[in-house]
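Grab a pencil and have a go at these exercises before you peek at the solutions. The structure comes up next.

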Number of protein chains: 2
Amino acid sequence: MIKVLVIEDHEEIRDLISYNLSKENCETICFDNANEGLIHLENNDVDIILLDLMLPGLKGMQFLQIVRNNKKFSGVPIIIISAKNTEQDIINGLEMGADDYLTKPFSIKILIAKINAILRRNPAIKSKVISINGINIDTGNYTVTVDGEDVSLTNKEYELLLMLLKHPKRVFTRNQILNAVWGYESDVYTRTVDTHVSSLRKKLGDKGSFIKSVPKIGYRADI
Amino acid sequence: MIKVLVIEDHEEIRDLISYNLSKENCETICFDNANEGLIHLENNDVDIILLDLMLPGLKGMQFLQIVRNNKKFSGVPIIIISAKNTEQDIINGLEMGADDYLTKPFSIKILIAKINAILRRNPAIKSKVISINGINIDTGNYTVTVDGEDVSLTNKEYELLLMLLKHPKRVFTRNQILNAVWGYESDVYTRTVDTHVSSLRKKLGDKGSFIKSVPKIGYRADI
DNA sequence: AACTAATGTCAAAGAAATGTAAAATTATTG
DNA sequence: CAATAATTTTACATTTCTTTGACATTAGTT
């Protein structure tokens, strides 16, 4: 069952979405404001968010920003559904981190197809444990252990480790790492990645050596 | 550099996309038909595909189907850009495996924002493997194996091997190799190529002997 | 066979990229 | 608002890669 969080202040639209998604193996939870939506998100599993922009109280774009800046939620896909339909509105929404943007009035069937297209690619990342060669990452509570010992990582170190270990052996360029961990519009010097690799290796101790540099390209988890 | 494959039969639209994406850290390769696009995809790294539907010869939807049914490519995101704008067209496109659907006329800025939104989620692009006579090159990961054994190559050695094996039997002059591997404006002595051929042969062991020198001309992969 | 011209190879010199500690800056928290 | 932690930059050390030049070897020519 796909869990859809709907944040939309018009009742008719909420009902329309709710009714139609219920026929598509979806469970919808609706709120007419973003504050409550955020609270729900904090306390429940959500697979995808449908977000209106013009809301009373906390605005849609603020909600988007909060969610995208929180590593706990940043993986949850968001589709904006809004009456704001200028080119700039759409670009802003996408650049702020939305995965798609539908302008009102919208086709419910297209919405469903888009939800499926997005989820097809992002099988909801549930709390799970990645465990390789003595290194354990519990993505549910953001903890890492090495040979059973807790290791305290900073946010960036954690995200970097996760990225590398999600695809062992795969080479990531410094720019790919920057995009994924720092965000696509960060203007950070690529050597910053090196610094974080260095401190990550140090914190991982003996095991840290699995992070190999690939000259002229980037890094990989050789594990 | 993001590699964008554009399949679109209208020259003006190809040019528009090409010109604008070139300013966004993208390298576009365009074809006016899907057959050639497919051949390109088979032989090159592609990060994302922009696909028109109404094409001469192989139709866009057939192309989509072929790509999605091929494990090798199924990870490559596809955005359909089409004049077919009915609800059913869009739903079909998305259900067939497209990641997004833009109707013509479209905003180039929105296209760019959508490409970024999609790639933000999929940093890990499936890599292409070249495999000849026991030599395997994983072009996404910059790894090479010979008879299953990992062989560690430097960047120049890797690029050189890749160039030779992309076109087996074909002779490359030292200057062609310099241009392709070292870049047009490098002022390196042509004998440097020989040195790299030498160390490459050595690292490839017995298999290394497939790199034949062609007296007075250059080298080729005789394989 | 001797000569010429090209390619093969090695090791030292040079260039470039990465590693890392520590300082500077920025965010977070009490 | 101070204190603390995290992040980014800087600067220098270290490692690795690249290029060169010398000499060896091979192949082709006369």
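What follows is a set of five exercises, each with a worked solution.

This is a predicted model, where local features need pLDDT of at least 70, side-chain atom pairs count only at pLDDT 80 or more, and totals for chains, interfaces and linings use all residues. Residues are numbered from 1 along each chain as its sequence is written, chains are lettered from A and ligands numbered from 1 in the order in which they are written, and side-chain values use heavy atoms, with hydrogens and water left out.

**Exercise 1.** Work out which residues come nearest to DNA strand C, and what the surface near that strand is made of.

*Solution.* Start with the neighbours, where "near" means that a heavy atom of the residue lies within 4 Å of the strand. There are 21 residues around DNA strand C, and R191(A), Y219(A), R191(B), R201(B) and Y219(B) come nearest. Next, sort that surface by class: 4 nonpolar, 5 polar and 12 charged. (Ala, Val, Leu, Ile, Met, Phe, Trp, Tyr, Cys and Pro count as nonpolar, Asp, Glu, Lys and Arg as charged, and the others, Gly among them, as polar.) Then look for the elements involved, taking helices (H or I, at least four residues) and strands (E, at least two) as DSSP runs numbered from the N terminus. α8(B) gives the most, with 6 residues.

**Exercise 2.** Find side chains that touch phosphate oxygens of DNA strand C.

*Solution.* First check which part of the strand faces the protein: of its atoms within 4 Å, 61% belong to sugar or phosphate and the rest to bases. Now apply the polar contact rule: a pair of N or O atoms within 3.5 Å; within protein, one must be able to donate a hydrogen and the other to accept it, and residues adjacent in sequence count only if both atoms are side-chain atoms. Y219(B) puts a polar side-chain atom 2.6 Å from a phosphate oxygen. For K202(A) the distance is 3.2 Å, and for S198(B) it is 3.4 Å.

**Exercise 3.** Do the same job for DNA strand D.

*Solution.* This strand is surrounded by 19 residues, with T154(A), W182(A), T154(B), W182(B) and Y189(B) the closest. By class, its surface has 7 nonpolar, 10 polar and 2 charged residues. Sugar or phosphate accounts for 80% of the strand atoms within 4 Å of the protein, and bases for the rest. On to contacts: the side chain of W182(B) has an N or O atom 2.5 Å from a phosphate oxygen, and that of T192(A) has one at 3.0 Å. T195(A) reaches a base oxygen instead, at 3.5 Å.

**Exercise 4.** Is helix α5 of chain A mostly covered or mostly bare?

*Solution.* Count residues that are buried (under 20% relative accessible area; exposed is over 50%, partly exposed in between; 1.4 Å probe, protein chains only). That gives 10 of 14, so α5(A) is mostly covered. Among the buried ones are I108(A), L111(A) and K114(A). Finally, look at the N-terminal end: S107(A) caps it, with a side-chain oxygen 3.2 Å from the backbone nitrogen of K109(A).

**Exercise 5.** Locate D52(A) and name its side-chain partner.

*Solution.* D52(A) sits in the loop between β3 (48–51) and α3 (60–68) of chain A. Its relative accessibility is 3%, so D52(A) counts as buried. The partner is K104(A), joined side chain to side chain by a polar contact of 3.4 Å.
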